[in-house]
Amino acid sequence: MIKDVKFTFTTDASGDVTANPDFWPGPCRLLSVMYDYGDAATGADFTFSFDRYDVVETVLTITNAGIADIVWYPRRVVQGNTGTNLTGTAGGDVEPYIILGRPKLVVAQGGNAKTGAIIWVVDTL
């Protein structure tokens, strides 16, 4: 089932914040990440990750996000049966991330007391 998971944020005086969503549907595939621009600084940097059992996986890193709403479609390169990455050439050998732990958003350089929102569109497992 497709669901939206929203992270709202307000940065501190240094322009930084770490945010988790209020609601998490559990294990899912990450289909897209939407940036709903509020008034964050043009140079805001976003790092999206999740952790489970102290294993952290970074899903997407955006530098200088800009001041417009945008949608990203993060994908990961899959591995073969020897554990080595397959090529990922021309969009092949990639798949949506499977999110098994609680997601986290880290904002840096977002400006003093600036706001915005990130929406993860997920397909629950």
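This note looks at strand β10, its two partner strands and the residue T11 in a predicted model.

1. Strand β10 covers residues 102-108, and its side chains alternate between two faces along its length. On one face lie P103, L105 and V107, which are buried, whereas R102, K104, V106 and A108 point to the other face and are not buried.

2. Strand β10 pairs with strand β2, made of residues 17-19, and the two are joined in the antiparallel sense by three bridges. Within this pairing, V17 is the residue that stands opposite V107 of β10, and V107 belongs to the buried face described above.

3. Strand β4, which spans residues 45-52, also runs antiparallel to β10, and here seven bridges join the two strands. F48 stands opposite L105 in β10, and L105, like V107, points to the buried face.

4. Where does T11 sit in the chain? T11 is placed in the loop between β1, residues 2-10, and β2. T11 counts as buried because its relative accessibility is 4%, and the cut-off for buried is under 20%.

5. The side chain of T11 makes polar contacts with the backbone at two residues: one of its polar atoms lies 2.4 Å from the backbone oxygen of G111, and the side chain also reaches the backbone nitrogen of K114 at 2.8 Å.

6. Leaving aside residues up to four places away in sequence, T11 touches D16, V17, V107, G110, G111, N112, A113 and K114. This list includes V17 and V107, the two residues that stand opposite each other where β2 meets β10.

Technical notes: Residues are numbered from 1 along each chain as its sequence is written. This is a predicted model: local features need pLDDT of at least 70, side-chain atom pairs count only at pLDDT 80 or more; totals for chains, interfaces and linings use all residues. Side-chain values use heavy atoms; hydrogens and water are left out. Buried means under 20% relative accessible area, exposed over 50%, partly exposed in between (1.4 Å probe, protein chains only). Helices (H or I, at least four residues) and strands (E, at least two) are DSSP runs, numbered from the N terminus. Two strands pair if DSSP finds at least two bridges between them. A polar contact is a pair of N or O atoms within 3.5 Å; within protein, one must be able to donate a hydrogen and the other to accept it, and residues adjacent in sequence count only if both atoms are side-chain atoms. Contact means heavy atoms within 4.5 Å.
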